[in-house]
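Me: Please show the sequence and the model together. I will then ask about them one part at a time.

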Amino acid sequence: MGTLATEHLLNIEDLDVAGINAVLDTARSFKEVNERAIKKLPTLRGRTIINLFLEPSTRTRTSFEIAAKRLSADAINMSPSASSTVKGESLVDTAKTLDAMDCDLLVIRHRYAGAPYIMSQNMRAHIINAGDGKHQHPTQALLDLFTIRERFGGFSGLKVGIVGDIAHSRVFGSLAPALRLLGADVTAIAPATLLPACPELLGANHCHKLDEILGELDVVYLLRIQKERIEQSPFPSLREYARLYGIDRGRLERMKRDAILMHPGPVNRGVELTSEAADTAANLLLYQVNAGVAIRMALMYLLLGGDRDGSLA
Ligand code: CP
């Protein structure tokens, strides 16, 4: 296993095809480690990893913490209420303060796009973006790529439909360019009010009618309606949205036989998926979550210089 050409993971574009494959291949090894009774490796002993989550998170935060601990790093978790940002300390001052403590890796989630970049300019540590505003969520994209590759063996020619709140989605911002880079055919499917103002800049095909394309898709990737980032309702009602873009039993039956349904979580039951469809898709949605631990272990391992004192065996 090697290292990465980049010092940080701020955007998915920090990784080229070789870099993405290195992360996915390394994650595969860690996934096997995670299936053992004893899941801990000494690889990052003596390294310090700070998880600074200034926005809520269940999956990303917990999986970064588990990943650090499984690699024997010292993991420190900071939330908004436990940090001096609530007293008005600026992001730059926060970065310089954490830098003074000689941490090796900072994982940051922040409501503002560009916050990870600011940290990278003011700290010596490696930085991983765990989601910044509606900009990017590159580790989510990597765990989604892992899930798709495990299912289909590759990406070339796959038809992927990403459905829903494209305009406010940092998941789309990372996943769509990565899929295109790897040779998949990506279509954004949403009402005009949930597409960016200039949809031609998306770099992906776009269409407004899910039912016109559903039967052609290999991957149906549902995005959560990002209520926390929407000021004015972009559709008449959630019921209307669910009728046109939600997955229910009828749409499940019209998907291709081998097609898969994905969602980054958390799911708004009754909106992106009926409860019945969410329960039908649960195994794969939880597979995504499980892959997230291995992907984050792989990134920590590769960014921090890999294995210094032995193999993964
Ligand atoms: N998918 C995702 O980022 O979920 P969390 O907000 O729970 O971390």
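**Sheets, a helix and a ligand**

Me: In what order do the five strands of the open sheet lie?
Reply: Five strands (DSSP runs of E, at least two residues, numbered like the helices from the N terminus) make up this open sheet, and they pair in parallel (DSSP finds at least two bridges between paired strands). The model is predicted: local features need pLDDT of at least 70, and side-chain atom pairs pLDDT 80 or more, while totals for chains, interfaces and linings use all residues. Residues are numbered from 1 along each chain as its sequence is written, and side-chain values use heavy atoms, without hydrogens and water. The order of the strands is S7-S6-S5-S8-S9.

Me: Which strands are at the edges of this sheet, and by how much are neighbours turned on average?
Reply: Strand S7 (205–207) and strand S9 (260–262) are the edge strands, each pairing on one side only. With direction ignored, the average turn between neighbouring strands of this sheet (angles between lines fitted to C-alpha atoms, from 0 to 180 degrees between N-to-C directions) is 25°.

Me: Which residue stands opposite Val-160 in S8?
Reply: Strand S5 (residues 159–163) pairs with strand S8 (residues 219–222) in the parallel sense, over four bridges. In S8, the residue opposite Val-160 is Val-219.

Me: What is the order of the four strands in the other open sheet?
Reply: This sheet is also paired in parallel. Its edges, which pair on one side only, are strand S2 (74–78) and strand S4 (126–132). From one strand to the next, the twist averages 15°. The order is S2-S1-S3-S4.

Me: Which residue of S2 does Ile-49 stand opposite?
Reply: Strand S1 (residues 48–53) runs parallel to S2, and five bridges join the two. In S2, the partner standing opposite Ile-49 is Ala-75.

Me: Where is Ser-72 found, and what is its phi?
Reply: Ser-72 is in the loop between helix H2 (59–70) and S2. Although Ser-72 is not a glycine, its phi is positive, at about 70°.

Me: How far apart are the end C-alpha atoms of helix H10?
Reply: Helix H10 (a DSSP run of H or I, at least four residues) covers residues 275–303. Because each residue adds 1.5 Å (counted for one less than the number of residues), its 29 residues should span 42 Å. The distance between the end C-alpha atoms agrees with that, at 39 Å.

Me: On which residue is the kink in H10 centred?
Reply: After H10 comes Gly-305, with a positive phi near 95°. The kink in H10 is about 60° (the angle between axes fitted to the seven residues ending at a residue and the seven starting there), and its centre is Ala-282.

Me: Where does Pro-266 lie, and what is the omega of the peptide bond before Pro-266?
Reply: Pro-266 belongs to the loop between S9 and H10. The peptide bond from Gly-265 to Pro-266 is cis, its omega being near -10°.

Me: How far is a polar side-chain atom of Ser-57 from an oxygen atom of the ligand?
Reply: The residues around the ligand (a heavy atom within 4 Å) include Ser-57, Thr-58, Arg-109, His-137 and Gly-265. A polar backbone atom of Thr-58 is 2.9 Å from a ligand oxygen atom, and a polar side-chain atom of His-137 lies 2.9 Å from one. For the side chain of Ser-57, the distance to an oxygen atom of the ligand is 2.6 Å.

Technical notes:
Polar contact = N/O pair within 3.5 Å; in protein donor to acceptor, adjacent residues only side chain to side chain.
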